[in-house]
Amino acid sequence: MSGEEHEETARHGDGEREFEERVRALLADDAFTIRPSAAPYPAIRRRGVAERRRRAATVGAALVTLAVVPVGAAALTGPEGGGRAVSPAASATPAPSPTPAAPAGPAGPASDAQLLDGVTRESAAAMLEDCLASDRGGGSLQDLGAAEEYRILLGMRSTGDSNAPGDGRFVVAVRDEAPRTRVICNIKDGEVAGLNVGGADTALPDQGKVMPDVNAHKLYSQSFLDKGDWRLPFRWGSIGAVHPSVARVTVSYGDAEPRTAVIDHGWFVATGVLDQQVTRAPHIKGYDTAGRQVYDSDQDKYYLADLP
């Protein structure tokens, strides 16, 4: 090879190497241009921590919410339920319902028919409390106890007369525990107008199966000062004790047909309305479980059949 040819070849080789270097540089620059930048890890980590905290706060709030929801109103969703609500009652034994507390005050009567003329159990209880707290009828000299110890037997309106003017209301109650007590109380204008207290163990040795209360006339008669001039119509009541063998008691007053009394824990209670003046007390009869008559007030020597 001549010297010129050798020089030309060297120049050609240098050019190729220069070209190759330029291509490599261009490729390197282009590769840097299309290569994605490194992931901003600190920023991503901060976002991840914040997201986890947000989810934790959300779950915590949900747990707090579940904690304050009543058991009967909560609902859980199982992973296989697809959003189906599952009552916790299916997996937990419900707490027993509390037993309703007995109402305070005296026990009520056996029948609603024993509360008349707008007297309710609540108003009868309030009247009884006032009566027991009063100093009438010797209440300050004997232990009448608390209203809770009594049962209401009768509540009805009272008709004023010449001896005790002004209409009012009667409440009759009995205490079964010793000392057994019966009270007849009259309330007028919110004040205790009269209180009669009697024992419930006053049966005489030869008393019959039915024992009309000796002070029941306060419920079925007006003052003897008004004899022949009663205020009508007149609400009346009749009460008394009965022997356990007595199954039925009837009471008739005036021209009215005999009515069946309510038997309430060893007491009978009957009421009615008179439209005319009478001179004889209510006529009382008692019958046993077989229907046999075992008592007739007309044959009771202790019963005052004629009114004063």
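**Exercise 1. Find the cavity in this predicted model and describe its lining.**

Solution. A search of the whole structure finds 1 cavity of 30 Å³ or more. A cavity here is a set of points on a 1 Å grid over the protein atoms alone where a 1.4 Å probe fits but cannot get out. The model is predicted: local features need pLDDT of at least 70, side-chain atom pairs count only at pLDDT 80 or more, and totals for chains, interfaces and linings use all residues. Residues are numbered from 1 along each chain as its sequence is written, and side-chain values use heavy atoms, with hydrogens and water left out.

Step 1: take the volume. The largest cavity has about 50 Å³, where volume is the space filled by probe spheres set on the points.

Step 2: list the lining, meaning residues with an atom within 4 Å of a point. The lining consists of Trp236, Val251, Ser252, Tyr253, Ala256, Glu257, Arg259, Val273 and Leu274. Strand S9 (246-252) and strand S12 (267-274) are the elements that give two or more residues to this lining. Strands are DSSP runs of E, at least two residues, numbered from the N terminus.

Step 3: sort by class. The lining holds 6 nonpolar, 1 polar and 2 charged residues. Nonpolar covers Ala, Val, Leu, Ile, Met, Phe, Trp, Tyr, Cys and Pro; charged covers Asp, Glu, Lys and Arg; the others, Gly among them, are polar.

**Exercise 2. Place S12 among its neighbours.**

Solution. Step 1: check burial (under 20% relative accessible area, 1.4 Å probe, protein chains only). In S12, 7 of the 8 residues are buried, so the strand is largely enclosed by the rest of the structure.

Step 2: find the partners; pairing takes at least two DSSP bridges. Strand S8 (residues 234-242) pairs with S12 in the antiparallel sense over 8 bridges. Here Arg235 stands opposite Val273. Strand S11 (residues 262-264) also runs antiparallel to S12, over 3 bridges. Ile263 has Phe268 of S12 as its bridge partner.

Step 3: inspect the turn. The S11 and S12 hairpin has 2 residues between the strands, and His265 takes a positive phi near 50°.

**Exercise 3. Characterise the contact of Trp236 with Tyr253.**

Solution. Step 1: apply the ring rule (Phe, Tyr and six-membered Trp ring centres within 6.5 Å; planes under 30 degrees apart stacked, over 60 edge-to-face, the rest tilted). The count is 3 aromatic pairs. Trp236 and Tyr253 are edge-to-face, at 5.1 Å centre to centre and 80° between the planes.

Step 2: locate the rings. Trp236 is in strand S8 and Tyr253 in the loop between S9 and strand S10 (259-260), 17 residues apart.

Step 3: check exposure. Trp236 is buried at 3% relative accessible area; Tyr253 is buried at 2%.

Step 4: extend the group. Tyr220, Trp236 and Tyr253 form one aromatic cluster.

Conventions
1 Å grid on protein atoms, 1.4 Å probe; cavity = no way out; pocket = protein on both sides within 12 Å on 5 of 7 lines; lining within 4 Å. Helix = DSSP H or I, 4+ residues; strand = E, 2+ residues; numbered from the N terminus. Buried < 20%, exposed > 50% of the residue type's maximum accessible area, 1.4 Å probe, protein only.
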